[in-house]
Amino acid sequence: MSNDLPTMIPQRSSLRPEPDSPVGLVLSGGGARGAFQVGVWKVLREEAGGFGTQPDVVSGTSCGAINAALIAAGVSPDDMLEFWLRIADDPPVVANETFFEAVHRAISKLLLLYPFPGLVGGAREVRLLSDLFRRHRWWLRGGFDAMVAAYWFTARYGVVSSVLTQIPTPYVFSVDKLKDHLERAVGAPDIRGTDVRLAINTVDARTGKVVRFVNHPPQKHPRSSSRHYRYEPVITFDMILASAAIPLLFNPVRIGSMQLWDGGILVNSPLAPAVALGARRIVPVLVTSRTPPAEVMLDTFGEGMERVVDTFLENAYRNDRKLLLDRNALADRLEDDDLVRVELFRAIRPRSGSTFNAGSYLYFEREALLSMHEAGVKAARDWLDRGPELDSRWTPD
């Protein structure tokens, strides 16, 4: 008896406007790769044959939250691209002087107390240092630095920990100036009165809980609760900045009693808010390619870092995708009018290549952004040419 899965012909659906089947656009996080999403949106808006000038629902995280807000505010794809290019020309990043001053002060104090690691410590520290001398080529600059680093992170990690606790700020860079770029793009000090149902996804740094800001009340459902969503008729730029505040790198944003960070920590591909806001057809736009792991050669430290982020983001989408497909399966079994099936389209995503290489998540350079935007245009056209296809349990993610 064969255990092979049945061969399935890909199902397809339409993006044409249907009053009873609102379309939701879900935009994942991914830093500078947000320019890819702008290219995708340009094609969906201008070439999708009836998609319309705006989706019914748009849900985004991090760079996806920025793009979602711009789409909801009615900013054109060309003006969205100009927004990203202005970030390249005028980076809204200011180094946190408090951070660097505290690091300098803590390290200076450390060097005064411990001018050379081998001169202090007990028998354990001396033994570890002796072992490190045997393991490293300490007569070479790289070998000596490696030996000292290994010493501090083994025998003296308690001292390193105390240095970290002396830094009285939780971030390296402030991106508050990004609000100026947003205001220029939107032409208003906030986002209000939009027909598009918008969800901005963040995480409270103190509680670790997801915080979802929505500008329309979520649909009531006996199996869900509106308490998972914060209905705010006016979406502020602080909410958008919070969704894009990469932990430790960028400043968290205070809103009320909350201290908010990048939603990508827990909800990088926010499908659930799109469903809660009434979407019955969902188009996910991801910024990670589907390169099989066997094709990825980690020859540099940068490639390793990029692959770690790719894997983290991919796993987040697979989990969200599974939950939605499980929900559809439950809806099919129960035949409950209160639990409506939601069509999930195959994700639009980039192909692997030199454009999406090591460092591209933070590569806010004009030519790189233009290249990612063009990749988005191509990916969306390829996606439309194929159908577009629906996702299901029988199709690979």
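Let me start with R12, which is partly exposed at 45% relative accessibility. In this predicted model, R12 belongs to the segment before β1, the strand spanning 23–27. Setting aside residues up to four places away in sequence, R12 touches R386, G387, P388, E389 and L390. There is also a long-range relation to point out: R12 and E343 stand 331 residues apart along the chain, yet their C-alpha atoms are separated by 9.9 Å.

Two of the residues that R12 touches, G387 and P388, deserve a comment on backbone geometry. The peptide bond joining G387 and P388 is cis, with omega at about -5 degrees. P388 itself sits in the segment after α12, the helix of residues 366–385. As a reminder, most peptide bonds are trans, and most residues other than glycine have a negative phi.

That brings me to the positive phi values. S62 has a phi near 60 degrees, although S62 is not a glycine. The residue is placed in the loop between β2, residues 57–61, and α2. S62 counts as buried, because its relative accessibility is 5% and the cut-off for burial is under 20%. L248 is a further residue other than glycine with a positive phi, here near 70 degrees. L248 is located in the loop between α9, residues 237–243, and β10, residues 253–255. Is L248 buried or exposed? At 55% relative accessibility, L248 counts as exposed. On the glycine side, G74 takes a positive phi of about 85 degrees just after α2.

Let me now place these details in the whole chain. The protein chain has twelve helices and 13 strands. Of its 397 residues, 49% count as buried. Taking contacts with a separation of 6 or more, 77% are between residues 24 or more positions apart.

I turn next to α2, the helix that follows the loop holding S62. How many residues of α2 are buried? The answer is ten of ten, so the helix is mostly covered. The buried residues of α2 include C63, I66, N67, L70 and I71, and these five meet M80, F83 and W84 in α3. By class, the contact of α2 with α3 comprises seven nonpolar residues, one polar residue and no charged residue.

For the geometry of such pairs, two packed helices are described by the angle between their axes and the distance between the axes. The axes of α2, residues 63–72, and α3, residues 77–89, come within 10 Å and cross at roughly 140 degrees. That angle makes α2 oblique to α3. The crossing of α2 past α3 is right-handed.

Helix α3 also packs on α12. Here the axes come within 9 Å and cross at roughly 155 degrees. Why is this pair described as roughly antiparallel? The reason is that angles over 145 degrees fall in that class, so α3 is roughly antiparallel to α12. The crossing of α3 past α12 is again a right-handed one. On the α3 side, the contact is made by L81, W84, L85, A88 and D89, and on the α12 side by R366, L369, L370 and H373. The class composition of this contact is six nonpolar, one polar and two charged residues. W84 takes part in the contact with α2 and in the contact with α12.

A residue of α1 also reaches α2. Q37 is found in α1, residues 34–47, and is buried, with a relative accessible area of 2%. Leaving aside neighbours within four places in sequence, Q37 is in contact with L27, S28, C63, G64, N67, V285 and V287. Of these, C63, G64 and N67 are among the buried residues of α2.

Finally, the nonpolar interior. In soluble globular proteins, nonpolar side chains tend to be buried together. The largest nonpolar core has 69 residues, and L15 and L44 touch the most other members. Not counting residues up to four places away in sequence, L44 touches L15, L25, F51, V283, I348, W383 and L384. Apart from this core lies another of 19 residues, including V26, A199, L271 and A347.

Conventions. Residues numbered from 1 in each chain as written. Predicted model: local features only at pLDDT ≥ 70, side-chain atom pairs only at ≥ 80, totals over all residues. Heavy atoms only, no water. Axes fitted to C-alpha atoms, helices over the stretch in contact; angles between N-to-C directions. Helix = DSSP H or I, 4+ residues; strand = E, 2+ residues; numbered from the N terminus. Parallel < 35°, antiparallel > 145°, perpendicular 65-115°, else oblique. Left-handed = near helix turned anticlockwise from the far one by under 90°. Contact = heavy atoms within 4.5 Å. Nonpolar A, V, L, I, M, F, W, Y, C, P; charged D, E, K, R; others polar. Buried < 20%, exposed > 50% of the residue type's maximum accessible area, 1.4 Å probe, protein only. Core = buried A, V, L, I, M, F, W, Y, C linked by side-chain atoms within 4.5 Å.
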